[in-house]
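Please read the numbered points below with the structure open beside them. They concern charged side chains and one helix.

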Amino acid sequence: MTDPHASTRIIGRLRDAIRSAIAVVNRHGGGLHGLGIVIIKSLHLLRALGLKGMLNRARLAGLSAKPSAPPQPVDFAPPIDVERVELTVGVMAHMFYPDLAQEFADALRAMPRPFHLLVSVVDDDAKEAVALVFGEIPLLASLQIKVVPNQGRDIAPMLVAFREEILALDVVAHIHTKKSLYTGSEQSAWRRYLVSSLFGSTERISWILGTFASNPRLGIIYPESHRAVPLWAHTWLGNLAQCRDLGRLMGLSIEPAAYIDFPAGSMFWARVDALRPLYDLKLEIEGFPTESGQTDGTLQHAIERLVVISARNRGLMAGVLPADGCLTLSSEGGRNWEQYFTAKVEERIRASAALAKIVSVDVFDTLVVRPFLTPDGSRAFLAHRVEHEFGLRDFAQYRVQAEALCRMDAGCDPDLDAIYRCFATLPGCRDVAADRIRDFELDHEAQQMLPRQAVVEAVARLVREGKRVVAVSDMYLNTTQLARVLPAKVRDLPARWFVSCETGLRKDTGEAWQRLPELESTTPGNWMHLGDNELADVQRPHDRGFRTTHVLRPSALLDVVPSLRMLRPAHGSSTAWQDQLWLGLVANRFAAIADRMPEAFSTNVRIEEPHSLGYLVIGPLLMDYLTWTSRLALERGMSRILFLSREGYLLERAFRVLKATSPALSKVDGTYLLASRRGVGTPALRSPADLNALLGGSFNGTLAELLSSRLGRNVAGAVASQLGPDRLAMRVFLPEMRAVVPELLAPAFDEVLKIAAREREAYQAYWASAAGPGLVADLGYAGSIQAHLARLTGATLGGAYFATNDRIDQVQVHGGWALARYQDTNVAGAIVANDLFLESLFTSPNGQFSHFELNDGVARPVFLGPEQDARALSLVSHIQDGALSFVRDACHAAGDHALDLAFATDLVQEPLRAFASGRWVAGEWISALSVGDTFSGRGVVSAKVGPR
């Protein structure tokens, strides 16, 4: 039967192809010129790749890839008994070294149930030798031995030679006779570690198979990386291009700078469904390189790094076995991250440079950092600014196209001038001032660059000691432009600059490391290089005999340190620039701590300084809340924001910083409003019926304590004179006695109303002189102060809160309203769970505001005594200074776009959750913090983080 929709699909594909072709021509300048360039390049590709290769390249370019979110912690279900496991099990063993057959046979004897054994060897002699040994293994359901070409090592036999056999299984183990490490020397300890982790005993194998059976979404189990595998090896290294191409075919994206999980050594147990995307690639033996002792950069190395991401891309989980041999799993690997935090960065640099005659340094993320998490984040913000300044949309796309076009034309890295000459020829850019945008980009870069202090100081010390220091960078900025954008203390360090756009030599290809010793008249053994890029700055020079010192770029800390991984954004480098800004500032602060105090990074991250606690935990929340509140005020046409005490003390100070960089806020005033539930609640009393509004929430204490905390000491004294001290000593429980309290106070209520009237007159005088209608800003949660203020002043008030609860409806007095930034009503989150902790940090140095008294017609505030001692108040001051430093840094980076900073509301609460959960811990000084909770009758309580 003829498919009625076939012609429609063909037309659709043809239309898509035409659009793609037009886009390619436009990327090369458009018109006949662009078409000519595309034709010439296509002929070159055809000659180099052949028709099949060229068509495959085109297919890869047209595929879309979906980003993978970072894995979440998982509580794996316990295993079922192996006797109940209904899985078809196999083991695939590549025996390149047949002399190890007995070692592997001994391991396989521990199999607790029948299994299929698939063995690959490279010649007939090996086949005969392993057949004799493996034929004696008990519980063999079948044994197949195949001779395979010596291409693709252990990966090609698994994916090609035994493709159909493995696809017929449910679970398969993959092992091989590994003898070498990254050094190329024999490392039997690594092999034995992997094999024993996967096959160490019948109990262990039973546990693994039982865990697969009880966790249907478990895709792969493999051991934690052997201690000999360096941290920097847990990246794409020289496999990035192949992994990107394969990733496109598999429908997944590759984060080029990410630290990744993979079974280093390529031994694992896997659910076959987890490997299916790799089998769907339909690879052939011919696609794998001829063996020549390669240590990286081959198809088999690329596949090794895609095994885990293949499983996760199918919605399956990875389970990593710990190095200590315990039978437990984690959903993400450790990657030997502790190796990095063994010494201060200065100590590592000095030790490595001691015997070197020349020290070379990378520049970006090594000597200088940007406030954004990734270069893509900085570029996205630049695009935002360019659109605002020049009216050019899609700048980032044009900028990438121009650089790629320049690179193809020149055959090497172009400089910024060449890039913008190409930029000016692109369709859509021909009518813009390309030279002005180029200068705008340079000014943008200059504004963003910040010295990495500890590294700069360490290198400066080497210079003072007489070491020759040169800079080596793969970069589009030439030395003149670098001098324009870099901070002076960085610009003046190197005696010579080797920049790829000038030299034509790139680090990541190895060309620079081949030529530099000749250019500097020395040998690699007398040269130490310092940098952050795992391929360009570590592996490539290391392979050529250079001494190397690796410094983690700040963003890598979020991948590397387990206690920081919750900060990784789901969309990686494509995350919105706003979130990349706050995450970048946080990562930079952690990098500064790691450079000087690596001992702070262990199972939990220690935040030793109160200033850093404010910067890392409070600063991002404060910034996001303030920009949201300010935008809300502008949207609602409100010219005043009322920051309620005591939290308002910090909020108003931070608002002043924001307002100074935000022209849109020039007509919005921020007022630190003296107000408290007691301070506005009592003046709002006009009748006995109003008392009910002051009795909400819980309370446990005496009647005297209730009156003092909610209506004031003057009211408590007046009631005592009327009712006697015995009545005030009775216990009161709210909400249970909410209807009883008004009856108890009835005999004294006339005196209460007189006190309320005096306080009302005083507060209204203050309101008239210093405040007025506006948007109330506060932590939350029920909006009691807002409701009392509305009754007291008759003003219509809006409310902007961190969080609210189900009592927020009470603000609907005189048409009032309220919104929350971080949660909907009745949903408990990090803010509510840690309310007392936040209140203790947002507090003002004065005690709780009590009320106003009129003195010669002037309203003068009365405060209760400070609830925290001088030491605690000093700590709070340092913490607040840290939070304000974050706000200043964010405003400096964003400039007059600071009001556009809107962070992902769940992600920005992660620092608070990390601190509350104990993943981040402070020094002993944190125990000094407390907060008064007289409203509930608890008095001064510890500001402990976490649920209570």
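1. Asp 439 is partly exposed in this predicted model. The computed relative accessible area of Asp 439 is 28%, a value that lies between the limits of 20% for buried and 50% for exposed. Please locate this side chain before going further.

2. Asp 439 forms a salt bridge with Arg 484, with 3.8 Å from N to O. The two partners come from distant parts of the chain: Asp 439 belongs to helix α16, which covers residues 434-448, and Arg 484 belongs to helix α18, which covers residues 479-485. In sequence, 45 residues separate them.

3. Which side chain meets that of Arg 484 in a salt bridge of 3.0 Å, N to O? The partner is Asp 443. Because Asp 443 lies in helix α16 and Arg 484 in helix α18, this pair ties together parts that are 41 residues apart in sequence.

4. The accessibility of these two residues should also be noted. Arg 484 has a relative accessible area of 42% and is therefore partly exposed. Asp 443, at 44%, is partly exposed as well.

5. A further pair deserves attention. Asp 413 and Arg 506 form a salt bridge in which the closest N and O atoms are 2.3 Å apart. Asp 413 sits in the loop between α14 (395-410) and α15 (416-423), while Arg 506 sits in the loop between α20 (500-503) and α21 (511-519), so the salt bridge connects parts that are 93 residues apart in sequence.

6. Is Asp 413 buried or exposed? Its relative accessibility is 4%, so Asp 413 counts as buried; the limit for this class is under 20%. Arg 506, by contrast, is partly exposed, with a relative accessible area of 22%.

7. Asp 413 and Arg 506 also belong to a network of salt bridges. The other members are Arg 399, Glu 403, Arg 407, Glu 441, Asp 474 and Asp 508. In total, the structure holds 51 salt bridges, among them the pair Asp 413 and Arg 506.

8. The final point concerns helix α36, which has 25 residues (870-894). At 1.5 Å a residue, this helix should span 36 Å, and its end C-alpha atoms are 36 Å apart, so the two values agree. Just after α36, Gly 895 adopts a positive phi of about 60°.

Terms used: Residues are numbered from 1 along each chain as its sequence is written. This is a predicted model: local features need pLDDT of at least 70, side-chain atom pairs count only at pLDDT 80 or more; totals for chains, interfaces and linings use all residues. Side-chain values use heavy atoms; hydrogens and water are left out. Helices (H or I, at least four residues) and strands (E, at least two) are DSSP runs, numbered from the N terminus. The expected span of a helix is 1.5 Å times one less than its number of residues. A salt bridge is a side-chain nitrogen of Lys or Arg within 4 Å of a carboxyl oxygen of Asp or Glu. Buried means under 20% relative accessible area, exposed over 50%, partly exposed in between (1.4 Å probe, protein chains only).
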